Amino acid sequence: MAETTFFPHRLILASAVVSGLLLALAVHMLGARFGLDLGGLWRSDAREFMPAGAAIAWWLLATAGFGGGYFTVNLMQSAVSGQIPPRMRQFLIGVGVLLLIGAAAVASGPSSVPTMSGVLGGIAALCLGAAMAFCGAHFALRRS
């Protein structure tokens with residue numbers, strides 16, 4: 001009977017944070033294309049108290065980062081023990097590649113957000129995505 005091998009926890013944590021961060025950035029780029037701007041909270045010309053699009057963008061970004069980190073840890077632990085069928089692994093890789101291709105296509109087009117607001121929104125997305133991916137990965141590692 002073959003022994004079960006495990007990845008080191010730091011390797012799993014690092015790869016889950018990177019995966020969750022990339023997923024959060026992809027969601028940020030796709031959301032910006034559809035009008036979900038992170039910088040809507042800081043605009044002074046908004047008539048509403050809090051633009052709903054900005055709030056939805058923040059929540060989507062946080063959920064994508066947390067979920068990406070959490071599910072990456074679970075998938076890595078399942079994959080190393082051989083519990084994921086090869087078809088499911090290929091499907092997940094294909095979905096990830098298609099998501100990143102879609103984000104790259106959106107990022108290559110012209111932006112509707114002003115330059116400085118876009119840069120600050122991207123930095124905020126990077127920080128929030130990294131923090132939430134770390135939280136999701138850490139939570140998943142503690143549960144296992």
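**Group meeting: a walk through the helices, the pocket and the cavity**

Okay, let's start with one residue, Val95, which sits in helix α3. Before I go on, remember that what you have on screen is a predicted model. So, is Val95 buried, partly exposed or exposed? It counts as partly exposed, because its relative accessibility is 42%, and the window for that class runs from 20% to 50%.

Val95 has company out there. Together with Phe71, Leu75, Met88, Phe91 and Leu92, Val95 forms a nonpolar patch on the surface. Add up the accessible area of those six side by side and you get about 560 Å². Two elements, α2 and α3, each give two or more residues to that patch. Which of them has the largest share? That's α3, with four residues.

Let me zoom out for a second. The chain has four helices and zero strands, so if you read along the sequence you just get α-α-α-α. There are 144 residues in the chain, and buried ones make up 31% of them.

Now, the pocket. The largest pocket comes out at about 610 Å³. The elements that put two or more residues into its lining are α1, residues 9–33, then α2, residues 52–80, and α3, residues 86–108. How many residues line this pocket, and which lie nearest the centre? There are 18 in the lining, and the ones nearest the centre are Ser19, Thr72, Leu75, Leu92 and Gly96. If you were listening a minute ago, you'll recognise two of those names: Leu75 and Leu92 also belong to the nonpolar patch.

Helix α3 turns up again here, since it gives the most to the pocket lining, with eight residues. And what is the lining like, by class? Twelve of the residues are nonpolar, five are polar, and one is charged.

Okay, from the pocket to the cavity. Searching the whole structure turns up one cavity of 30 Å³ or more, and the space inside the largest cavity is about 50 Å³. Helices α1 and α2 are the elements giving two or more residues to its lining. If you want to click on the residues yourself, the lining is Val27, His28, Gly31, Leu36, Leu38, Ala57, Leu60 and Leu61. By class, that's six nonpolar and two polar, with no charged residues.

Two more residues and then I'm done. First, Ala52, which is in helix α2. Ala52 has a relative accessibility of 49%, so it counts as partly exposed; the cut-off for exposed is over 50%. Its C-alpha atom is 9.8 Å from that of Asp37, and the two residues are 15 apart along the chain.

The other one is Ala130, over in helix α4, which covers residues 115–143. Where does Ala130 fall on the accessibility scale? Ala130 is partly exposed as well, because its value is 27%. What I'd like you to look at is the pair Ala130 and Phe66: along the chain they are 64 residues apart, and yet their C-alpha atoms are separated by 8.8 Å.

So, to pull the helix α3 part together: α3 holds Val95, gives the nonpolar patch its largest share, and gives the most to the lining of the largest pocket. Okay, that's my tour, over to you.

Notes: Residues numbered from 1 in each chain as written. Predicted model: local features only at pLDDT ≥ 70, side-chain atom pairs only at ≥ 80, totals over all residues. Heavy atoms only, no water. 1 Å grid on protein atoms, 1.4 Å probe; cavity = no way out; pocket = protein on both sides within 12 Å on 5 of 7 lines; lining within 4 Å. Points joined across faces, edges and corners; volume = space filled by probe spheres on them. Nonpolar A, V, L, I, M, F, W, Y, C, P; charged D, E, K, R; others polar. Patch = residues over 30% accessible without salt bridge, like charges linked within 9 Å, V, L, I, M, F, W, Y side chains within 5 Å. Areas by Shrake-Rupley, 256 points an atom, 1.4 Å probe, with all protein chains shown as cover. Salt bridge = Lys/Arg side-chain N within 4 Å of Asp/Glu carboxyl O. Buried < 20%, exposed > 50% of the residue type's maximum accessible area, 1.4 Å probe, protein only.
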